[in-house]
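Below are some notes on the chain we discussed, set out as numbered points. Please read them with the structure open beside you.

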Amino acid sequence: MEKDSRYARWNPSLLSILRPLYPGAMPTVKANLFNIVLILDLSDVLNLNFVSGAMSNIINHIPLRFGLVPVVETDDGKKMARLFYHLIKSYGRRKTLDVFRSIVLNYQRQGIQRDKIDWADVRQAYEELVEKEREGNPEGDFPDLERIVDGSVGEAAGVSEDSTTATEAEAEAEADGSDVNANGKAKKDLSAPLDKIGKYTDRLAAKLARSPKGHVFFNGKHFNFDDDFFRYMQTEMSMQVQYLSEKIYSGILTDENKPPSMSNYFYDLPNASKRRNVYMFPAGGSKDVQIVSLPEVFRKTRFRVSEGTYLYPTAAESVYESLYVVTDLDTEDGLALVKEAISSLTSDSKTRISFIHNPTTPQTPTPENGKRPLASYLLAHLHIRGLLSQATPSQLLAALGLESGPSASPAAAASPDVVADVEEGVQAALKDKVDADVVFKQLTGGAGLRDILAEEYADYVRTSRKVARELKVLPGQSALVVNGRVVGPLPADDFKLADFKTLEDFEFRKRAEPVLQAVQEVAPALIEDKFAAANMVSMVTSVVAAAQRPDPSESGLFDVPPRPRQKGYLLLESQYTSFTIGDNSTALYRIAVLVDPLSEIGQKWSSLLQWLSNIPDAFIEVHLNPGRYADIPLKKFFRYNLLPSLSFDEEGKEVPAHAVFEDLPIEPIYTLAMDVPTAWLVRPRESLYDLDNIQLGKLFPGDTAVEAIFELDYIVIEGHAREVPHNTVARGVQLQLVTGDGMPIDDTLVVANLGYFQFKAKPGVFKLEIREGRGREIFELESVGNEGWDSPTVKEAGAEITVTSFEGLTLYPRLRRLPDMEQADVLEEESDEEDSKKGVFEDLSQKVMSIFKSPKKEPSTDLIPVKPQADINIFTVASGLLYERFVGIMILSVLRNTNSTVKFWFIENFLSPSFLEFIPHMAEKYNFQYELVTYKWPSWLRAQTEKQRIIWAYKILFLDVLFPLDLKKVIFVDADQIVRADLKELVDLDLHGAPYGYVPMGDDNKEMEGFRFWKTGYWKEFLQGKPYHISALYVIDLVRFRQDILRGQYQQLSADPNSLANLDQDLPNNLQHQVPIYSLPDDWLWCETWCSKDRLDRAKTIDLCQNPLTVRVTPLDVADSDTHFAFAFQKEPKLARARQIPEWEEYDAEIARFTRELAAQGKIHSRLAVADVNALAGGAPSAAMPETEETGSELTGAEHDSSGSKEHQRDEL
């Protein structure tokens, strides 16, 4: 570019790189910043098309510099390489591209699709070129094509001055690396450098076996030549421009100190390698690099390591890398790898070597055969006895029968340094070449092969195989481990001596050298001894590097990048916004926190940091980063129940942990709740008050506080199931948790989102298995995944899991399809009737997919029932004593209108201790079944923070996993509803393929026309004539619902905090165009607000929804003289509306009598449970079940609202 006239007007200064650019634009600097080397098989028609078409156009319009290296692995490739070099040196680049273009155009004109060239077409294009050249140079020497491609043309006549100008020949010859004569002619050597090409591609591992279409190097960065390489190259270009910008901005790279040619800048960087190996530099970059913590691996496997278990380079003064050769030491391929590794140890090596035996099957000699493999027995003996460090590399080669030295390879010959190392190893081996038995006994201290203890050998093999398993290396495979980085598995004869040298240099620069420098600064005495330094640096390097890697499960699920340790917070201005705790000069643990002090996170962290400050040798640095707020964001009081240490009273008893809130304002209405670890399912066990409506000013006489005891019910076992080998989500598979005697304790369904599933359990040992049914017919459980993403198989470790920690347990099961079940669908419908209903979710399924990109299928009805279900199944959500009283009334109304068996399902998360105490007695008296269900909010699903919205979410988001898998239909009934009809009608109702049926919002109360929000704005435009449905009553076909669509859509919509104002009904209404709602007849739900009173007499259920027209307006006393008047707006109490329903008073009186009877018998103890309903509704209405059909909610923060706002935030504990 510096000489190209097309860029003559560009600025040569590197400072131009700092100018702002549009996305995808390139800096306009007159310098060869971007160099692309293509390694292509020119016998491939597509490659010829790219070179003559796309590449040619790019060169003419974009400042990219291309180089082309033809592949010579095939006969046609060699022929095209010879032709390519002949054309370049004889006629120049432009005419060479014209010949290639002529070949491709000939195919295009004929409409022929070819993968490989036809030599007849090549001959035609070449002869056309020769004919044109002969017209201008009749005396020229133009060899036949056959002579060129078979290599006969070597010292041929050059191109005359008439054919190619001196300037053009000189420029092209310079670019090609050749010389020119004084008269402007190129020299006569027209042969193709096939040997150099072979060495070049071998050094760069650019073989067609790795990438069949070819390879690309962009400023030394490798890409496979495929359809996506331009996209990857653009990303890489942006990264390199950013790198250059940083260097220029910091003054490290300037116009004065820049190299003579910027084209070699990236190649000459200190961290650039001269050799590439696909195992050292994987195509996926750092995310495909596996690093383990060596101390942890050796601790788990009990593999012995000491100074004596390593082979050291002769005369090396310092060693900072530990290389472990993992291979089958008794195979030819394994010994070849061992030979190359040992031969790489020279006087300037920084590496020590140890050996890990990884046989396909362990061989135990028997008295009958007595055969002992020499290599594994010798190395096992040297390792166990700590004698390996006393051997020299040449001695060990001789003892193993490998004394001929390292094998010479084309790659090795390519580097003079490597050649010297090889010769040094060969000479040393020849010098020490003596009888192998003599050397063997010298190394073993006089012991022969038969004298080596079989027990020691067996222990070495056993621990070696455990190490290989931890490294994820299968039996019989080979790999290398250098300072914790695993390289492999390695195919036979694919890692040469030169690769060992490259690996040593790269790992030292990348990971070992920074650790070495840190140790020298902190504790220089630790590295004075060669052996201690080798152990310290290699082990610390592996620990630090492994700590920066994401968990394999995070990489597999979320593609999490590496997490390097950084101290960017030290750059912050912190004179007035930070404080510290502890002594930084002596601290072993340094904790830095950047936090908003007025956020809920800051509220929680303050207690946690206080607890951490009690840890000896801890230094805490806190930087305050407050946000912008219009009002005070904190609406909660928070206490962290975490003691710095155990404490005991005077009698020696442990002082129990407890949280105490003192001196609270008595005016607000509080909610008491626990913020617990994600694996805990906790509920209140004892409380005499309504924890959702705590009014400190209205306690019972004699009470001065509200006390509550919470209980940990279950610990959550969660997981992510996948099919192997493709890592697709195992969606729809039914799993169950069973005890040791085979008794199922919980079952669940694998959902589409991340293959997630969840069990609830208590501490113990359990077994994970596929639930009986279609899942077992298609899949087998390969691994339960209880040891991480790459856990051992069921055959190796069993299917047992243990819950022994309060942190819970995360499983990563792997399922594999049984033979002949590759195309089977676990969710396939079998009946014709069900087949006709397929496709309901198909369109949306393509939009809302899990990260595994699994296809969405219809759910199966092939379920194995655990126990018979009731005729009518009803679930409801209630929180707060008032709504729990409403639940009892709703239950009575259901039972009085049916002769079918009924079962009620309650979401346990929100129930009070008094209700849990009361409901068993009511079920016994009125002969109905009930069951408590619960589900922990998944950590990956965007959470809600307000309790009312959490309750709404539980009404709709988890219906597929809340209930047993054999339950097929369930009806949701709001707690404050009165039922007047037999709900068996809804059970038997045909939903016409829809997953659920809702009642449309009432449209015949004309007084409310101005309040119908679905008829204006967003909803009017979105619904396009479809009805908006209310969520107070709906029936769910669970078989249809178990498709997970709602969670995916929720995750998208909830990203906007202003969306899903009424979550439980906005979500299904928002999906109507993809997931149909069956509209129930309007008689199924009547409410005063939206429905005409003319049809009250035929209403099958009555809901106590709010009416914005029935608002009580109360004048307020005004203290401010500037304010002329003020009013409090309060909605009509729900209790007043309930009493307008004739049968409601009857049901309420019956529940009250029954409650008092239980209290008199001592069966229930809560004083509020036996209180009059007026007392339960006193002060302020419960916020447990706010009306979802309106945009506002009931007052929850105070008893009046002088501002006229629709909603108050409640204070929470």
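1. I would begin with the largest nonpolar core, bearing in mind throughout that this is a predicted model. That core holds 72 residues, of which L38, L64 and L83 touch the most other members. Its main contributor is helix 2 (residues 75-91), which gives 8 residues to the core. Another core, of 68 residues, lies apart from it and includes F904, V979, W1086 and L1135. As background, nonpolar side chains in soluble globular proteins tend to be buried together.

2. Helix 2 also packs against its successor: the axes of helix 2 and helix 3 (residues 93-110) come within 7 Å and cross at roughly 140°. Since only angles over 145 degrees count as roughly antiparallel, the two helices are therefore described as oblique to each other. In the contact between them, M80, F84, L87, I88 and Y91 of helix 2 meet R93, K95, T96, V99 and F100 of helix 3.

3. An open sheet of 4 strands, with mixed pairing, has the order 2-1-3-4. Strand 2 (65-70) and strand 4 (221-224) each have a single partner strand, so one side of each is left without a neighbour in the sheet. From one strand to the next, the twist averages 20°.

4. Within that sheet, strand 3 (residues 215-218) and strand 4 are joined by 4 bridges and pair in the antiparallel sense, with V216 having F223 in strand 4 as its bridge partner. Helix 8 (residues 229-249) lies across strand 1 (35-40), strand 3 and strand 4, and runs at about 165° to strand 4.

5. Another open sheet of 4 strands has antiparallel pairing and the order 19-18-21-23. Its edges are strand 19 (744-749) and strand 23 (800-803), each of which pairs on one side only. Neighbouring strands here are turned against each other by 30° on average, when direction is ignored. Strand 18 (residues 734-738) and strand 21 (residues 764-770) run antiparallel and are joined by 4 bridges, and L737 stands opposite L768 of strand 21.

6. For the chain as a whole, the secondary structure amounts to 36 helices and 38 strands, and buried residues account for 50% of the 1213 residues. Of the contacts between residues at least 6 apart in sequence, 75% join residues at least 24 apart. The accessible surface comes to about 58,700 Å², and carbon and sulfur atoms hold 50% of that area.

Key. Residues are numbered from 1 along each chain as its sequence is written. This is a predicted model: local features need pLDDT of at least 70, side-chain atom pairs count only at pLDDT 80 or more; totals for chains, interfaces and linings use all residues. Side-chain values use heavy atoms; hydrogens and water are left out. Buried means under 20% relative accessible area, exposed over 50%, partly exposed in between (1.4 Å probe, protein chains only). Contact means heavy atoms within 4.5 Å. Accessible areas come from the Shrake-Rupley method with a 1.4 Å probe; for residues, only the protein chains shown count as cover. Two strands pair if DSSP finds at least two bridges between them. Axes are lines fitted to C-alpha atoms, for helices over the stretch in contact, and angles run from 0 to 180 degrees between N-to-C directions. A nonpolar core is a set of buried Ala, Val, Leu, Ile, Met, Phe, Trp, Tyr and Cys residues joined through side-chain atoms within 4.5 Å. Angles under 35 degrees count as roughly parallel, over 145 as roughly antiparallel, 65 to 115 as roughly perpendicular and the rest as oblique.
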